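Trainee: I've just opened this one and could use a tour. Can we go through it piece by piece?
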There are 2 protein chains.
Amino acid sequence: MTTPPLPIYAPDSLRGWVLDVFRALGLEDADAAIVADGLIEADLRGVESHGVSRIPIYAERLRRNLIKARPDIRIAHPAPVAAHVDGDHGIGFVVARRAMDEAVRLAEESGIGLVGVTNSNHFGMAALYLEQAIDAGFLAFAFTNSSPALPVWGGRTAFLGTAPFAAGAPGGEQGPFIVDMAMSVIARGKIRLAALYGEPLPEGVALDADGQPTRDAQKGYEGVYLPFGGHKGAALAMLIDILSGVLTGAGYAGGVRNQSRDFTGPTEVGHFFLAIRADLFMPMEEYRARMDTLIERARSCPTADGFEEILIPGEPEQRRREERLRTGIPISASILEDLEREAETLGVAMPDPLPAAAGPTR
Amino acid sequence: MTTPPLPIYAPDSLRGWVLDVFRALGLEDADAAIVADGLIEADLRGVESHGVSRIPIYAERLRRNLIKARPDIRIAHPAPVAAHVDGDHGIGFVVARRAMDEAVRLAEESGIGLVGVTNSNHFGMAALYLEQAIDAGFLAFAFTNSSPALPVWGGRTAFLGTAPFAAGAPGGEQGPFIVDMAMSVIARGKIRLAALYGEPLPEGVALDADGQPTRDAQKGYEGVYLPFGGHKGAALAMLIDILSGVLTGAGYAGGVRNQSRDFTGPTEVGHFFLAIRADLFMPMEEYRARMDTLIERARSCPTADGFEEILIPGEPEQRRREERLRTGIPISASILEDLEREAETLGVAMPDPLPAAAGPTR
């Protein structure tokens, strides 16, 4: 028995459909475009967990008005180079993009800009906001908190989020440096997909609801995920909640709602963004040349057993992106089923996949 | 056969001796006091690897003028809220303290302050600078780069440093949050001590000079250390080199000299400090109450098997500190031998240990 190849979609036509979906859900055109770009960008990079697979849950929360389609986002300046963004429960992509824009604007004037965000929602792939700053010539940090999924160190119940540690720096000819990594050994979105596909988890990744180790993805998804690097990852997850939640005034300490399961109110997600001018201490060309030197030297290190080459953080996703821009975005059957249901509900037909070829199977 | 208890020193008398040592090495009184405070603070917290055990190597570099006893530290402001500190090859403790002071001053005015440092040296325990900011009411990041010790992900030779990810936040009645953790599974200083004591390393901690896994601490100390969390820790180590080295203009990309083995020039260490006002988005009392809530909720999580209580990052060191303020600082035989040699060279006699009691043995 052979598995048929997955349907593959041209990025542009898929993006057009996503745009129409979010227009139909009530977003203004410009905001729908920001969401479409963010989701397609994640799928292009192979971060399927943060791509179009999330549309049904965003749609559900928009229909319930737990995410506002047309928020009144407000920006205040409690200090000269710090801004507070009240997202008014808008979709995270739009609120976060606006916030990072403000961080970059502040950094342009003063060298560094800090933005704290309240009343936001899931903002998709954190690398989106790093790239936004990097493209403008700034180093950046982009943090968000999220609903409980990880135990504190020594605990066995969900308390901290798995939301990523995300930081980036512009580069030269060798490209930028982008780190966007979940606090769990495996990203929550990936555990969700494994549950969806009925695939087992590796060991040491999750505990079930009773605090026992499990390799059953569904049980893990309903239980707690373990932090990477033991107490070190757990400490970083707590730092991210302090910056995104305690400091900003958003939900925190387990108070952020799970967007997939809790419909009793808005999620109360908070974000924290920093942008830093890359040419603070030297001309931009010199900074870029130094980044190139770092990356070239790193790449020329002799490889360990089992490695054919050295990849820089962000490079695997960049390669996947280039490939998928050529070959298209594959969508697995269970996700497609959800998307088609959504298309029908909204009366916005999905595009046809590309003509069948020897695509990947799942 | 029983091992005799380690000699234990009263913190104050040990601190007085360290002060005299650095005066004898040519530092001004105020600077010698900063170094003495930093070393004693590390020993009080049980971070023996960053305490008085380092005196001989600092002394050696001071005698060779690779660390300047009386540097001309200069501060410039390339942007309104960013400062550049040229440490003039002074001892890291003094340069870093001055730099974090400036970060706090900038943050007080503008909400956030960034300081990049060049021409510095090993600054001891990163938590010192976090505490400096926390005591003033600021959140902080304190990064430094260091000589090659970790491979890039997929490499087998030393390229990145093991210098810590260090961040902290003021708290309320429940105390602050302090994370100061080496990028290696085990801190380099601890591997150095294991080599000194002839103790074996755990598995998965180091490779020998040929790139093979080893549990021999001396071989590991001469080889490479593995990052915590695999590629995630390696990515953080590269980020720290970008912020501390590439951005600031200090040594980077493997260019920082090993202070213990390379006497061909100054180390060219760079640092990166951020201070952030804790009351940016709400009154200070409210921020402190939220931190207390976070910590209280974290502490009240049910414990996993093998844990009796939940400890917050920074809390184990804080407990050790309180204990050692009462009982004193134990010093192991091999370190004591080095210190006594230094005392003799400089003509500054060590204090007597406390009267023998049932102290810890090593």
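Mentor: Start in chain B, and keep in mind that this is a predicted model. Strand 5 (residues 138-144) and strand 6 (residues 165-169) of chain B are joined by 2 bridges.

Trainee: Which way do strand 5 and strand 6 of chain B run, parallel or antiparallel?
Mentor: They run antiparallel. For a landmark, find Phe141(B): it stands opposite Ala167(B) in strand 6 of chain B.

Trainee: Does anything pack there? What does helix 8 of chain A touch?
Mentor: Helix 8 (residues 231-246) of chain A packs on the sheet, where it touches strand 5, strand 6 and strand 7 of chain B. The direction of helix 8 makes about 140° with that of strand 7 of chain B.

Trainee: Let's see the whole sheet. What is the strand order in chain B?
Mentor: The order is 2-3-4-10-5-6-7. It is an open sheet of 7 strands, and the pairing is mixed.

Trainee: Which strands of chain B stand at the edges?
Mentor: Strand 2 (74-79) and strand 7 (177-181) of chain B do. Each has a single partner strand, so one side of each is left without a neighbour in the sheet. From one strand to the next, the twist averages 15°.

Trainee: OK, over to chain A. What order do the strands of its sheet take?
Mentor: The 7 strands of chain A form an open sheet in the order 2-3-4-10-5-6-7, with mixed pairing. Its edge strands are strand 2 (74-79) and strand 7 (177-181) of chain A, each pairing on one side only.

Trainee: How many bridges join strand 5 to strand 10 in chain A?
Mentor: 7 bridges join strand 5 (residues 138-144) to strand 10 (residues 269-277) of chain A, and the two run antiparallel. Phe138(A) stands opposite Arg277(A) in strand 10 of chain A.

Trainee: And what does helix 4 of chain A touch?
Mentor: Helix 4 (residues 92-110) of chain A packs on the sheet. Its contacts are strand 2, strand 3 (82-86), strand 4 (112-120), strand 5 and strand 10 of chain A. The direction of helix 4 makes about 160° with that of strand 4 of chain A.

Trainee: Zoom in on strand 4. Is Ser120(A) buried or exposed?
Mentor: Buried, at a relative accessible area of 0%. Ser120(A) has its place in strand 4 of chain A. Leaving out residues up to four places away in sequence, it touches Gly90(A), Gly92(A), Val95(A), Thr267(A), Glu268(A), Val269(A) and His271(A).

Trainee: New topic: how do the two chains relate?
Mentor: A turn of 180° and a shift of 0.0 Å along the axis lay chain A on chain B, with an RMSD of 0.0 Å. The two copies are thus related as by a two-fold rotation axis.

Trainee: Which residue of chain A comes closest to the rotation axis?
Mentor: Gly229(A), whose C-alpha is at 2.1 Å. The same surface serves both copies, since 100% of the contact residues of chain A recur in chain B.

Trainee: Now charges. How many salt bridges are there over all chains?
Mentor: There are 40. Side chains of opposite charge can pair when their charged atoms come close.

Trainee: Show me one. Are Arg45(A) and Glu41(A) buried or exposed?
Mentor: Both are buried. Their side chains meet in a salt bridge at 3.5 Å, N to O. Glu131(A) and Arg321(A) are linked with them in a network of salt bridges.

Trainee: What about Asp338(A) and Arg341(A)?
Mentor: They form a salt bridge too, with the closest N and O atoms 3.4 Å apart. The two sit 3 residues apart in helix 11 (residues 333-346) of chain A, so about one helical turn separates them. Asp338(A) is partly exposed at 26% relative accessible area, and Arg341(A) is partly exposed at 49%.

Trainee: And one in chain B?
Mentor: Try Arg63(B) and Glu60(B), whose side chains meet at 3.9 Å, N to O. Both lie in helix 3 (residues 55-63) of chain B, 3 residues apart. Arg63(B) is partly exposed at 40% relative accessibility, and Glu60(B) is partly exposed at 26%.

Trainee: Last one. How far apart are the end C-alpha atoms of helix 10 of chain A?
Mentor: 18 Å. At 1.5 Å a residue, the 13 residues of helix 10 (residues 315-327) should span 18 Å, which agrees. Just after helix 10 of chain A, Gly328(A) takes a positive phi of about 100°.

Key:
Residues numbered from 1 in each chain as written. Chains lettered and ligands numbered in written order. Predicted model: local features only at pLDDT ≥ 70, side-chain atom pairs only at ≥ 80, totals over all residues. Heavy atoms only, no water. Pairing = 2+ DSSP bridges. Helix = DSSP H or I, 4+ residues; strand = E, 2+ residues; numbered from the N terminus. Axes fitted to C-alpha atoms, helices over the stretch in contact; angles between N-to-C directions. Contact = heavy atoms within 4.5 Å. Salt bridge = Lys/Arg side-chain N within 4 Å of Asp/Glu carboxyl O. Buried < 20%, exposed > 50% of the residue type's maximum accessible area, 1.4 Å probe, protein only. Expected span 1.5 Å × (residues − 1). Least-squares fit on C-alpha atoms with pLDDT ≥ 70 in both.
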